[in-house]
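Please look through the sequence and the coordinates shown here before reading on. The paragraphs that follow begin with the sheet, pass to the helices that pack on it, and end with selected side chains.

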Amino acid sequence: MKEYWDRIKELTEQVFSKETEILKLASGKVAEAVEEQRVIYVFGSGHSAILCEELFYRAGGMAAVSPIFVPDLLLANGAVRSSRVERLNGYAKTFMESESIGPGDLVFVISTSGRNGVPLDVAAIAKERGAYVIGLTSKSFSQSQPSRHSSGLRLTDIVSLSIDNFCPVGDGCLTMKSGTAFEPASTIIGGVILHTIFAGAVRILEEKGVECPIFASGNIEGGAAANLRLLEQYKNRIPLYR
C-alpha cells in the first residue's frame with residue numbers, strides 16, 4: 001500500500017536535493033512581486049490547471065494570485081478538446097491579449113511535458129511583455145519528446161527560470177508487470193513545489209516586516225469578513241474576485 005507514497009517521497013527528495021537554490025530564487029521573486037503590489041499570474045491547461053486552482057482563492061494562500069483560466073483548455077469543458085486545443089500554435093494570442101501582464105510582473109507557466117503550443121506561447125508572450133516567467137516542467141519528459149511548437153523550442157528554452165519536477169516520461173511513476181506506467185506524480189509534486197515557493201515568500205516578507213495578503217478560511221468564524229478586505233484590494237486587478 002505504501003508503494004505510491006514511497007515513490008512520491010523519492011521524487012520529492014530529488015526536487016529538494018537538486019532544485020533548492022532555484023526554489024529559493026522563485027520564492028524571492030514571489031516576495032518581490034507582493035512587496036511591489038503586483039499580481040502573480042499562473043497558467044496551466046488540462047491537469048496543469050488544477051495547480052492554478054490550488055493556488056487561487058485558497059485558505060492559507062496568497063490573495064495576489066491571478067489564474068489564467070481558458071474554458072477550451074479545461075477538462076470540465078471537454079477532456080479530448082482541451083488536449084487538442086493545448087497543442088495549437090498561436091491560440092494563446094486569443095486570450096493573452098486580455099491579460100494585463102506587463103514589465104516586472106511575475107508569471108508561472110505549468111506544463112509537465114513542456115512541449116505543447118499554448119503553454120509555450122503563453123510563456124513567450126509574457127516574456128515579450130517584460131514579465132519574469134517561471135516554468136514548472138519535467139526536463140526528462142520534455143527532452144524525450146519532440147516539441148510541438150513551431151519554433152522547435154521547449155518550455156525550458158523560453159522561461160526566465162525553469163523548475164524541474166523530476167516526474168518520469170509520461171507522468172506515471174509506477175510500473176505494472178506488463179511494463180505499463182501508472183499513477184501520475186505531477187499534480188502532487190507540483191503542489192508541493194508551488195506551496196514551498198509561496199511559503200518561502202511569506203517568510204521573506206515576514207522578515208522584512210511586509211504584510212502578507214493571506215486568505216483565512218471562510219469556514220471559520222470571522223474568516224469571510226477578514227477576506228473581504230483582500231478581495232476589495234485586488235478585485236480591480238484580478239477579474240475573478242469581482
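In this predicted model, five strands form an open sheet in the order E2-E1-E3-E4-E5, and their pairing is parallel. The edges of the sheet are taken by strand E2 (65-68) and strand E5 (161-164), each of which pairs on one side only. On average, and with direction ignored, neighbouring strands of the sheet are turned by 20° against each other.

Within this sheet, strand E3 (residues 106-110) and strand E4 (residues 132-137) run parallel and are joined by five bridges. Two of the residue pairs can be followed directly in the coordinates: Val107 has Val133 of E4 as its bridge partner, and Ile110 has Leu136 of E4. As for the surroundings of E4, five of its six residues are buried, so the strand is largely enclosed by the rest of the structure.

Two helices that pack on the sheet may be considered next. Helix H6 (residues 117-128) touches strand E1 (40-44), E3 and E4, and the direction of H6 makes about 165° with that of E3. Helix H9 (residues 186-208) also packs on the sheet, where it touches E1, E2, E3, E4 and E5, and its direction makes about 165° with that of E3.

How far apart should the ends of H9 be, at 1.5 Å a residue? The expected span of a helix is 1.5 Å times one less than its number of residues, so the 23 residues of H9 should span 33 Å, and the end C-alpha atoms of H9 are indeed 33 Å apart, which agrees. The buried residues of this helix are Ser186, Ile189, Gly190, Gly191, Ile193, Leu194, Ile197, Phe198, Ala201 and Leu205. After H9 comes Gly209, which has a positive phi, near 75°.

His195 also belongs to helix H9, and it counts as partly exposed because its relative accessible area is 33%, a value between the limits of 20% for buried and 50% for exposed. When neighbours within four places in sequence are left aside, His195 is in contact with Glu54 and Leu55. Its C-alpha atom is separated by 13 Å from that of Ile163, a residue 32 places away along the chain.

Further along the same helix, Glu206 and Arg203 both lie in H9, three residues apart, which is about one turn of the helix, and their side chains meet in a salt bridge with an N to O distance of 2.9 Å. The accessibility of these two residues can be stated separately: Glu206 is partly exposed, with a relative accessible area of 46%, whereas Arg203, at 55% relative accessibility, counts as exposed.

Two loop residues lead back towards the sheet. Is Ser111, placed in the loop between E3 and H6, buried or exposed? Its relative accessibility is 2%, and it therefore counts as buried, the limit being under 20%. Apart from neighbours within four places in sequence, the contacts of Ser111 are Ser48, Pro119, Leu136, Thr137, Ser138 and Leu155.

Glu99 lies in the loop between helix H5 (93-96) and E3. This residue is buried yet has no salt bridge, and the nearest side chain of opposite charge, that of Arg129, is 7.1 Å away. Residues up to four places away in sequence not being counted, Glu99 touches Tyr41, Ile68 and Arg129.

Although Glu99 has no salt bridge, the structure as a whole holds twelve of them. One of these is formed by the side chains of Arg81 and Asp72, with an N to O distance of 3.1 Å; Arg81 is partly exposed at a relative accessible area of 35%, and Asp72 is partly exposed as well, at 23%. Another brings together the side chains of Lys2 and Asp6, at 3.8 Å from N to O, and here Asp6 is partly exposed, with a relative accessible area of 34%. Asp6 also belongs to a network of salt bridges that links Lys2, Asp6 and Lys9.

Notes
Residues are numbered from 1 along each chain as its sequence is written. This is a predicted model: local features need pLDDT of at least 70, side-chain atom pairs count only at pLDDT 80 or more; totals for chains, interfaces and linings use all residues. Side-chain values use heavy atoms; hydrogens and water are left out. Two strands pair if DSSP finds at least two bridges between them. Helices (H or I, at least four residues) and strands (E, at least two) are DSSP runs, numbered from the N terminus. Axes are lines fitted to C-alpha atoms, for helices over the stretch in contact, and angles run from 0 to 180 degrees between N-to-C directions. Contact means heavy atoms within 4.5 Å. Buried means under 20% relative accessible area, exposed over 50%, partly exposed in between (1.4 Å probe, protein chains only). Lys and Arg count as positive and Asp and Glu as negative; His and the chain ends are not counted. A salt bridge is a side-chain nitrogen of Lys or Arg within 4 Å of a carboxyl oxygen of Asp or Glu.
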